[in-house]
Amino acid sequence: MNRCLCLVAVLLCSVQMRAQQLSLSSNILDYICLGTLNVDVSCSLSRNWSLTAGVRYNPFTFHAGEPDRQFQYRQQSYSLGARMWPWHTMSGWWMAGKLRYQEYNYGGLFSWGTEEGDRYGLSVSAGYTHMLSKHLNIEFGLGVWSGLALYRRYSCVVCGSTVARGRKYFLLPDDLLISLVYVF
């Protein structure tokens, strides 16, 4: 999956590579979310359209004093989408849509239980990109994503006793962004 996203981005970007056609960004707010590492690569397809591929990864588990008291929001997430820029790519307002897959495991923060599974869905978002300099932008955005989750719930974070499993539809916030963007 990872290789496919990178291959699609490289192929589409190689069609027309000129100045300021490629950007690399990282969302600061994801790091606050228990250290989620993230990167997005965007490539201009035309004056008003860009292709975006992103990866989020969080392998961290935190222990709260006691050996059986832990919390985590572990995940690996992959997305591929497009942005429409009314003014010009890499600056100003934008609207986006993307496909997203996430493998997740979270629990221990607000309750003793934990949930893990896979989510498949579509996301829509909007935001604004402000140019700080020729090669550096700051980006603000907000979105929602919805889809299908295949999940398993456990009674506690470490015991592994299954309470429930199944499928459910979800609607979650997505792309709560304050990102630093480097434009090539």
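**Entry 1. Glu115 and Arg153**

I began with the side chains of Glu115 and Arg153, which meet in a salt bridge at 2.9 Å, N to O. I note that this pair links distant parts of the chain, with Glu115 in strand β7 and Arg153 in strand β8, 38 residues apart. The model I am reading is a predicted one.

I then looked up how far each partner is covered. Glu115 has 4% relative accessibility and counts as buried. Arg153, at 32%, counts as partly exposed.

**Entry 2. Arg152 and Glu116**

I next turned to Arg152 and Glu116, whose side chains also form a salt bridge, at 3.3 Å from N to O. Arg152 belongs to strand β8 and Glu116 to strand β7, so this contact ties together parts that are 36 residues apart in sequence. I recorded a relative accessible area of 27% for Arg152, which makes Arg152 partly exposed.

**Entry 3. Lys98 and Asp174**

I asked which residue the side chain of Lys98 meets in a salt bridge. The partner is Asp174, at 3.9 Å from N to O. Lys98 lies in strand β6 and Asp174 in strand β9, so the pair joins parts that are 76 residues apart in sequence.

Are Lys98 and Asp174 buried or exposed? Lys98 is buried, with a relative accessible area of 16%. Asp174 is likewise buried, at 3%. The cut-off for buried is under 20% relative accessible area, so both values qualify.

**Entry 4. The salt-bridge network**

I followed Lys98 and Asp174 further and found them in a network of salt bridges that also links Asp30, Arg56, Arg100 and Asp175. A search of the whole structure gave ten salt bridges. As background to these entries, I note that side chains of opposite charge can pair when their charged atoms come close.

**Entry 5. Backbone at Asp175 and Leu34**

I checked Asp175 again for its backbone. Its phi is near 50°, a positive value in a residue other than glycine. Asp175 is found in strand β9, and at 7% relative accessibility Asp175 counts as buried.

I made a similar note for Leu34, which has a positive phi of about 55° although it is not a glycine. Leu34 is placed in the loop between α2 and β2, and Leu34 counts as partly exposed at 22% relative accessibility. I marked these entries because most residues other than glycine have a negative phi.

**Entry 6. The largest pocket**

I looked up the largest pocket and recorded about 700 Å³ of space in it. Its lining consists of 30 residues. Which of them lie nearest the centre of the pocket? They are Cys33, Tyr73, Gln75, Arg119 and Pro173.

I then sorted the lining by class and obtained 13 nonpolar, nine polar and eight charged residues. The elements that each supply at least two lining residues are α2, β5, β6, β7, β8 and β9. Which element gives the most to the lining? It is β9, with five residues.

**Entry 7. A nonpolar surface patch**

I located a nonpolar surface patch of about 440 Å², made by Ile28, Ile32, Leu132, Leu136 and Leu180. I looked more closely at Leu136, which is placed in strand β8. Leu136 counts as partly exposed, at 34% relative accessibility. Membership of a patch requires over 30% relative accessible area, so the value for Leu136 satisfies that cut-off.

**Entry 8. Trp49 and Trp85**

I examined the separation of Trp49 and Trp85, which are 36 residues apart along the chain. Their C-alpha atoms are separated by 6.1 Å. Trp49 is in strand β3, which spans residues 49–58. I recorded Trp49 as partly exposed, with a relative accessible area of 44%.

**Entry 9. The chain as a whole**

I closed with the overall layout. How many helices and strands does the protein chain have? There are two helices and nine strands. Read along the sequence, they follow the pattern α-β-α-β-β-β-β-β-β-β-β. The strands named in my salt-bridge entries include β7 and β8, which hold Glu115 and Arg153 respectively. Of the 184 residues of the chain, 40% count as buried.

Methods
Residues numbered from 1 in each chain as written. Predicted model: local features only at pLDDT ≥ 70, side-chain atom pairs only at ≥ 80, totals over all residues. Heavy atoms only, no water. 1 Å grid on protein atoms, 1.4 Å probe; cavity = no way out; pocket = protein on both sides within 12 Å on 5 of 7 lines; lining within 4 Å. Points joined across faces, edges and corners; volume = space filled by probe spheres on them. Helix = DSSP H or I, 4+ residues; strand = E, 2+ residues; numbered from the N terminus. Nonpolar A, V, L, I, M, F, W, Y, C, P; charged D, E, K, R; others polar. Patch = residues over 30% accessible without salt bridge, like charges linked within 9 Å, V, L, I, M, F, W, Y side chains within 5 Å. Areas by Shrake-Rupley, 256 points an atom, 1.4 Å probe, with all protein chains shown as cover. Salt bridge = Lys/Arg side-chain N within 4 Å of Asp/Glu carboxyl O. Buried < 20%, exposed > 50% of the residue type's maximum accessible area, 1.4 Å probe, protein only.
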